[in-house]
Amino acid sequence: MDELTKEITNIGSYQTTFGLTGTVFTKNTPAIGSFESNKQLFQPIDYCPALRSIVNFLFLPLYGYKEEVVGVLKLFNRENGLPTLSDVKEFEPYQRSIGLMVKHIQETKNTTGSSLTIKKLLQRLEAS
């Protein structure tokens, strides 16, 4: 498995199969609910340590090119009840915009790594 594939199939240091974040990532489907009622949550990846109390959530896939999922947007604590399907529709433009930024960063990082590898190879050739 190449480095780019490893980056895409992991979210942070967790496999994409972990928790609700992993389900949204692998199944390309939004998740709406409350933390009390969801048994699929995996604390290290699904929770937000900056918040003291999480009441409800909306997890959305982030899209790169051609609808490929490149990450998960996690929104917490909607006022006035659980998030709704209209909230999902409202965030669609952000899913694409943020996803394209994530994809661009991944590609830039990969290109930079490749450039550094080529540079090292050329330096070794020059030294020998």
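Which backbone nitrogen does the side chain of Asn56 reach, and at what distance? In this predicted model, the side chain of Asn56 lies 2.7 Å from the backbone nitrogen of Arg78. Local features were considered at pLDDT of at least 70 and side-chain atom pairs only at pLDDT 80 or more, whereas totals for chains, interfaces and linings use all residues. Residues are numbered from 1 along each chain as its sequence is written, and side-chain values use heavy atoms, without hydrogens and water.

Asn56 belongs to strand 4 (strands are DSSP runs of E, at least two residues, and helices runs of H or I, at least four, numbered from the N terminus). The residue is buried, its relative accessible area being 4% (buried means under 20%, with a 1.4 Å probe and protein chains only). Beyond its neighbours within four places in sequence, Asn56 is in contact with residues including Gly33, Ser34, Leu75, Phe76 and Arg78 (contact means heavy atoms within 4.5 Å).

Strand 4 takes part in an open, antiparallel sheet of three strands, ordered 3-4-5 (two strands pair if DSSP finds at least two bridges between them). Strand 3 (31–34) and strand 5 (69–76) each have a single partner strand and stand at the edges, so one side of each lacks a neighbour in the sheet. From one strand to the next, the twist averages 20° (angles run from 0 to 180 degrees between N-to-C directions of axes fitted to C-alpha atoms, for helices over the stretch in contact).

Seven bridges join strand 4 (residues 56–63) to strand 5 in the antiparallel sense; Tyr63 has Val69 of strand 5 as its bridge partner. Helix 2 (residues 19–27) lies across strand 3, strand 4 and strand 5, and runs at about 135° to strand 5.

Note on methods:
Buried < 20%, exposed > 50% of the residue type's maximum accessible area, 1.4 Å probe, protein only. Polar contact = N/O pair within 3.5 Å; in protein donor to acceptor, adjacent residues only side chain to side chain.
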